[in-house]
Amino acid sequence: TEFDVVIKEPGPKKIEVIKVIRQLTNLGLVEAKTMAETAGAKVLTGVGKDAAADAKSKLEAAGAVIEVA
C-alpha cells in the first residue's frame, strides 16, 4: 500500500517546516518554501506506511498540519 504525505497548513514555524521538507525530499530552498506555502502540496507520494508515518511525525514536530492519504 502506498501513501501520500500532504501539507494542510505550514503552521507558525514555517522555517522549521521548510527544513524538514528539504531533509525528506532533497528539494532546493525555493522549491521547499513554495511547497510549505502551498496548502495541499504533496511532500511525499507513493511511500510506504513507515516512511509516511515518519515524515508526518517530523513535519508535525516542526508545527505543520499534515494529512496522510
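This is a dialogue about reading the strands, helices and loops of a predicted model.

User: Where should I begin with the sheet, and in what order do its strands lie?

Analyst: As a general idea, the strands of a sheet pair through backbone hydrogen bonds, and the pairing is either parallel or antiparallel. In this predicted model, an open sheet of 3 strands has the order 2-1-3, and the pairing is antiparallel. Strand 2 and strand 3 are the edge strands, since each of them pairs on one side only. Neighbouring strands of this sheet are turned by 20° against each other on average, with direction ignored.

User: How many bridges join strand 1 to strand 3, and how many pair strand 1 with strand 2?

Analyst: Strand 1 is joined to strand 3 by 4 bridges, and the two run antiparallel, while strand 1 and strand 2 pair in the antiparallel sense over 3 bridges. You can follow the pairing residue by residue: towards strand 2, Phe 3 stands opposite Val 47 and Val 5 stands opposite Leu 44, whereas towards strand 3, Val 6 stands opposite Glu 67.

User: What does the side chain of Asp 4 join by a polar contact?

Analyst: The general idea to keep in mind is that in a regular strand the side chains alternate between the two faces of the sheet. Asp 4 has its place in strand 1, and a polar contact of 3.3 Å joins its side chain to that of Lys 42. Leaving aside residues up to four places away in sequence, Asp 4 touches several others, among them Leu 44, Thr 45, Glu 67 and Val 68.

User: Now for the helices: how many residues does helix 1 have, and how far does it reach?

Analyst: One way to read a helix is to compare its reach with the span expected at 1.5 Å a residue, and helix 1, with 12 residues, reaches 16 Å from its first C-alpha to its last, close to the 16 Å expected. The buried residues of helix 1 are Val 17, Ile 18, Val 20, Ile 21 and Thr 25. They cover an arc of only 165° around the axis, and therefore they lie on the same side of helix 1. The face turned away from this buried side carries the exposed residues Ile 15 and Gln 23.

User: What covers the buried residues of helix 1, and at what angle does helix 1 run to strand 2?

Analyst: The cover includes strand 1, helix 2, strand 2 and helix 3. Helix 1 lies across strand 1 and strand 2, and runs at about 30° to strand 2.

User: Which backbone atoms does the side chain of Thr 25 reach?

Analyst: Thr 25 lies in helix 1, and its side chain reaches the backbone oxygen of Ile 21 at 2.7 Å as well as the backbone nitrogen of Leu 27 at 3.2 Å. Not counting residues up to four places away in sequence, Thr 25 touches Val 43 and Leu 44.

User: Just after helix 1, which residue takes a positive phi, and is that residue buried or exposed?

Analyst: Asn 26 takes a positive phi of about 65° just after helix 1, and this is a positive value in a residue other than glycine. Asn 26 is found in the loop between helix 1 and helix 2, and it counts as exposed because its relative accessibility is 70%, where exposed means over 50%.

User: Does the reading of helix 1 carry over, and what are the buried residues of helix 3?

Analyst: The buried residues of helix 3 are Ala 52, Ala 55 and Leu 59. They cover an arc of only 65° around the axis, which puts them on the same side of helix 3. The face turned away from that side carries the exposed residues Lys 49, Asp 50 and Ala 61. What covers the buried residues includes strand 1, helix 1, strand 2 and strand 3. As for its span, the 13 residues of helix 3 should reach 18 Å at 1.5 Å a residue, and the end C-alpha atoms are 18 Å apart, so the two agree. Just after helix 3, Gly 63 takes a positive phi of about 110°.

User: Which residues does Lys 13 touch, not counting residues up to four places away in sequence?

Analyst: Lys 13 lies in the loop between strand 1 and helix 1, and it touches Ala 61, Ala 62 and Gly 63 when those sequence neighbours are not counted. At 43% relative accessibility, Lys 13 counts as partly exposed.

Notes:
Residues are numbered from 1 along each chain as its sequence is written. This is a predicted model: local features need pLDDT of at least 70, side-chain atom pairs count only at pLDDT 80 or more; totals for chains, interfaces and linings use all residues. Side-chain values use heavy atoms; hydrogens and water are left out. The expected span of a helix is 1.5 Å times one less than its number of residues. Buried means under 20% relative accessible area, exposed over 50%, partly exposed in between (1.4 Å probe, protein chains only). The arc is that of the directions from the helix axis to the C-beta atoms. Contact means heavy atoms within 4.5 Å. A polar contact is a pair of N or O atoms within 3.5 Å; within protein, one must be able to donate a hydrogen and the other to accept it, and residues adjacent in sequence count only if both atoms are side-chain atoms. Two strands pair if DSSP finds at least two bridges between them. Axes are lines fitted to C-alpha atoms, for helices over the stretch in contact, and angles run from 0 to 180 degrees between N-to-C directions.
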